[in-house]
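Colleague: I should like to learn how to read the features of a model such as this one. Could we go through them in turn?

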Amino acid sequence: MSAPFSFAVKARDGAARTGAITTPRGVIRTPAFMPVGTGATVKAMFPEDVAATGADIILGNTYHLMLRPGAERVAKLGGLHKFMHWEKPILTDSGGYQVMSLAKLRKIDEQGVTFQSHLDGATIELTPERAIEVQCLLGSDIQMVLDECTPFPATREEAKRSLGLSMRWAERSKAAFETMSAPGQALFGIVQGSVYPELREESAYALTEIGFPGYAVGGLAVGEGQEAMFETVELTTAFLPDDRPRYLMGVGTPQDMLGAIARGIDMFDCVMPTRSGRHGQAFTWGGRINLRNARYAEDQSPLDAESQCPAAQYERAYLHHLIKSGEMLGAMLISYANVQFYQELMAGAREAIGAGTFADFAENVARRRRGR
């Protein structure tokens, strides 16, 4: 592991850009979609198949892994990469979002968050320092500061208070990272501020002053709607350094991602392709398909003839049967096809940006999906 962390933009098309993030464990081509491997697994997929889709990086979850099997245990077993048989880069979130959404009881103060585990009710404290310690024990290549994901809707006063706390936690996260991290690892800051432009600007400025090799846009896709999300992304990216990667957390649908790429976003993660796959929902170049629908019971056409994914070549009738019968193979095949669709979408975006035709590419994808 010798190459330091770096980012280079290779081509632009309006605000959209394509480039590469270099890490000791490999290069991440951007725009990039990160399959979510919450508990050291991308659900219903072999690690080798995740790699075969073209994924350069996956996401792991600090909250879930610190509760089970425990960060110290993962470190003892050789780190998260070895533990889950994934050689490429891993990004871990800080766990803050899951504390807010999953913990039975929680108390937030200046020090951090005290919460009860959703597994066994044990009382656990998550501070900025502990969040970094857990991520360093896991050995993730890109780590996230601990922040408070501002709920939506929030008044301006609530969003400003939450933002102030997150910025103070960001400073402490960076200080802890500088003492605990290994060479080549990177820590990203997270912009908050709800849908208030002046707060987003304040947050972006504060994080830039602290200084990070990458920046995430947090607190979106929480109910504000696509139009408000796009407006917030567009104004936020304008305040962030041009020479650093930008990560929109928890997004999303193909149209959300294409719209965000057009506004300068480089990285995404979302549970949608695997969660949908487990419920019989497939993403294809012709649109989304619900394989539970009786219309597919005798449909002998492949799931998606345009996809390069082996799983997408299975007949829709067979996949319909697997899902209706509750067979695990159905979830595995559709999840595989969905993750590969997302990777092919990113590859298409990268190629189009390089050719200066991204707007046409995005419109063509939207038109085909509307047509269905």
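Modeller: We shall take the pocket, a helix pair and the salt bridges, bearing in mind that the model is predicted.

Colleague: What volume does the largest pocket have, and which residues are the closest to its centre?

Modeller: The volume of the largest pocket is about 890 Å³. Its lining comprises 39 residues, of which Tyr97, Gln98, Gly250, Asp269 and Val271 are the closest to the centre.

Colleague: Which helices and strands supply at least two residues of that lining?

Modeller: Two strands, S5 (58–61) and S14 (267–270), and two helices, H5 (96–102) and H11 (272–278), each do so. By class, 15 lining residues are nonpolar, 17 are polar and 7 are charged.

Colleague: At what angle do helices H8 and H9 pack, and how far apart are their axes?

Modeller: Helix H8 (residues 197–210) packs against helix H9 (residues 226–239) at about 30°, and the axes are 9 Å apart. Their crossing is right-handed. On the H8 side, Pro197, Arg200, Glu201, Ala204 and Thr208 take part, meeting Thr232, Leu235, Thr236 and Phe239 of H9. The residues of this contact comprise 4 nonpolar, 3 polar and 2 charged.

Colleague: How many salt bridges does the count come to?

Modeller: With a cut-off of 4 Å between side-chain nitrogen and carboxyl oxygen, the count is 20. One salt bridge joins the side chains of Arg12 and Asp242, at 2.5 Å from N to O.

Colleague: Which parts does the pair of Arg12 and Asp242 tie together?

Modeller: Arg12 belongs to strand S1 (residues 6–13) and Asp242 to the loop between H9 and strand S13 (246–248), so the pair ties together parts 230 residues apart in sequence.

Definitions and conventions
Residues numbered from 1 in each chain as written. Predicted model: local features only at pLDDT ≥ 70, side-chain atom pairs only at ≥ 80, totals over all residues. Heavy atoms only, no water. 1 Å grid on protein atoms, 1.4 Å probe; cavity = no way out; pocket = protein on both sides within 12 Å on 5 of 7 lines; lining within 4 Å. Points joined across faces, edges and corners; volume = space filled by probe spheres on them. Helix = DSSP H or I, 4+ residues; strand = E, 2+ residues; numbered from the N terminus. Nonpolar A, V, L, I, M, F, W, Y, C, P; charged D, E, K, R; others polar. Axes fitted to C-alpha atoms, helices over the stretch in contact; angles between N-to-C directions. Left-handed = near helix turned anticlockwise from the far one by under 90°. Contact = heavy atoms within 4.5 Å.
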